[in-house]
Amino acid sequence: MNEQEMIQRQKIEKREKVDRVIAYILIVILLGAIAFVLYAKFVMKADNNKQPEEYTPNYIALTDISSSLNSSALASKYSADGANFSSSISNNAIVVSYVKDTTNLNLNIPLVNNELEVVIDSTNSEIITDIYKEISTIICIFYGNDETSCRTTIDTVNADNPIEGIRFVNNDDTNTVYIDIMKGIPVQSITNSNTESGLLYTEVTTVDLSLTNYKLNISNTEISNINVTTSDTDIKFSGNINGTSGEEGLSVVVKLFDEMANTLGENKYEYTLENPLNGEGTFEVSFILSDTLKLENIKKYSIDVVR
């Protein structure tokens, strides 16, 4: 083999080595492409088919309020009274319908800056007040409070006694209530009693006129066996009181309220030097009905012990 043939052979071997390297590189690229296609077809497709995790808001939605309102104690009360009552959602508002006899109310309650805006007109003030209080109770319960505490607290709320989460704007002809749906309502401290007297209230509480099966334990004094009796001329509140023997300068104060929790009247039974409280006793507080104090306007009352 001469020198020229050797040079030619070396060139061929060198070219073959380069071709093999290029072939290996192409094989690697081809395998990589095949692997990518398989990954894209099976892995990425599976990931794309995964449903996104559902976002659960930590605040009450309008649909929740509307649904709860339809199945609420207020709805049952109106149904038993022969009224047609329903709630629905329209745009960003709750629409409540109440129909009975000549009353045909369609109440639009829009959500304005996280607050439900309830306009209370003088014509249907009692019904609208019931509705806004039921909505407030629904929101109060949603944020972790028990129903009794919510209802008792909200019954005491009015323009003169607002609470966090519920505010009032009063004009000449209408009152507007704003209910915050983004937070809870601070409730009064109320506990249930296992006694025959039912609930035990540990602070002054405004309750419905029909509610008497409770005890009131405040100022180291217990009020029990409460009775409310009415006649054509007056309304009387009576009960038992248990306090310090021989105590004088103590009064049992009863206040009357309308549906809007406005004060209608106040009267008291006094224990004096001539009439001391000898440990256990009774009390009776009367209100004379008149043109300015009508029985049909009295919806709630409270009992307090004042020294």
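**Salt bridges, sheets and a nonpolar patch**

A search of the whole structure turns up eight salt bridges. The structure is a predicted model, and three of its charged pairs are worth walking through before turning to the strands and helices around them.

One of these pairs is Lys77 with Asp130, whose side chains meet in a salt bridge at 3.9 Å, N to O. Lys77 belongs to helix α3 and Asp130 to helix α4 (residues 125-142), so this contact ties together parts of the chain that are 53 residues apart in sequence. Asp130 counts as buried, because its relative accessibility is 12% and the cut-off for buried is under 20%.

Glu115 and Arg167 make another such pair, with their side chains meeting at 2.9 Å, N to O. Here strand β4 (residues 115-121) supplies Glu115 and strand β5 supplies Arg167, so parts that are 52 residues apart in sequence are tied together. The two partners sit in unlike surroundings: Glu115 counts as buried at 14% relative accessibility, whereas Arg167 counts as partly exposed at 38%.

Helix α4 comes up again in the salt bridge between Glu126 and Lys299, where the side chains meet at 3.7 Å, N to O. This pair links distant parts of the chain, with Glu126 in helix α4 and Lys299 in the loop between β15 (277-288) and β16 (300-306), 173 residues apart. Glu126 counts as partly exposed at 40% relative accessibility, and Lys299 also counts as partly exposed, at 26%.

Next come the sheets. Six strands make up an open sheet in the order β1-β2-β3-β4-β6-β5, and the pairing is antiparallel. Its edges are β1 (84-90) and β5 (166-170), each of which pairs on one side only. On average, and with direction ignored, neighbouring strands in this sheet are turned by 20° against each other. At the β1 edge, seven bridges join β1 to strand β2 (residues 93-100), and the two run antiparallel. Within that pairing, Ser86 has Ser97 of β2 as its bridge partner. At the other edge, β5 is the strand that carries Arg167, the salt-bridge partner of Glu115.

An open sheet of four strands is also present, again with antiparallel pairing, in the order β9-β16-β13-β14. The edge positions go to β9 (207-208) and β14; each has a single partner strand, so one side of each is left without a neighbour in the sheet.

Strand β13 (residues 250-257) is mostly covered, with seven of its eight residues buried. On one hand, β13 pairs with strand β14 (residues 263-271) in the antiparallel sense over eight bridges. Val253 stands opposite Lys268 of β14. These two strands form a hairpin with five residues between them, and Ala261 in the turn has a positive phi of about 65°. On the other hand, β13 is joined to β16 by seven bridges, and this pair also runs antiparallel. Ser251 stands opposite Val306 of β16. The loop that leads from β15 to β16 is the one that holds Lys299, the residue meeting Glu126 in a salt bridge.

That leaves the helical part of the chain. Tyr24, Ile27, Leu30, Leu31, Ile34, Leu38 and Phe42 make up a nonpolar surface patch of about 740 Å². One of these residues, Leu31, is found in helix α1 (residues 3-49). Leu31 is exposed, because its relative accessible area is 53% and exposed means over 50%.

Ser72 gives a contrasting picture. This residue is found in the loop between α2 (62-70) and α3 (73-80). Is Ser72 buried or exposed? Ser72 is buried, with a relative accessible area of 6%. As for its contacts, the Ser72 side chain reaches the backbone oxygen of Leu69 at 2.8 Å. Helix α3, on the far end of this loop, is also where Lys77 lies, the residue whose side chain meets that of Asp130 in a salt bridge.

Note on methods:
Residues are numbered from 1 along each chain as its sequence is written. This is a predicted model: local features need pLDDT of at least 70, side-chain atom pairs count only at pLDDT 80 or more; totals for chains, interfaces and linings use all residues. Side-chain values use heavy atoms; hydrogens and water are left out. Patches are made of residues with over 30% relative accessible area and no salt bridge: like charges are joined within 9 Å, nonpolar side chains (Val, Leu, Ile, Met, Phe, Trp, Tyr) within 5 Å. Accessible areas come from the Shrake-Rupley method with a 1.4 Å probe; for residues, only the protein chains shown count as cover. A salt bridge is a side-chain nitrogen of Lys or Arg within 4 Å of a carboxyl oxygen of Asp or Glu. Buried means under 20% relative accessible area, exposed over 50%, partly exposed in between (1.4 Å probe, protein chains only). A polar contact is a pair of N or O atoms within 3.5 Å; within protein, one must be able to donate a hydrogen and the other to accept it, and residues adjacent in sequence count only if both atoms are side-chain atoms. Two strands pair if DSSP finds at least two bridges between them. Axes are lines fitted to C-alpha atoms, for helices over the stretch in contact, and angles run from 0 to 180 degrees between N-to-C directions.
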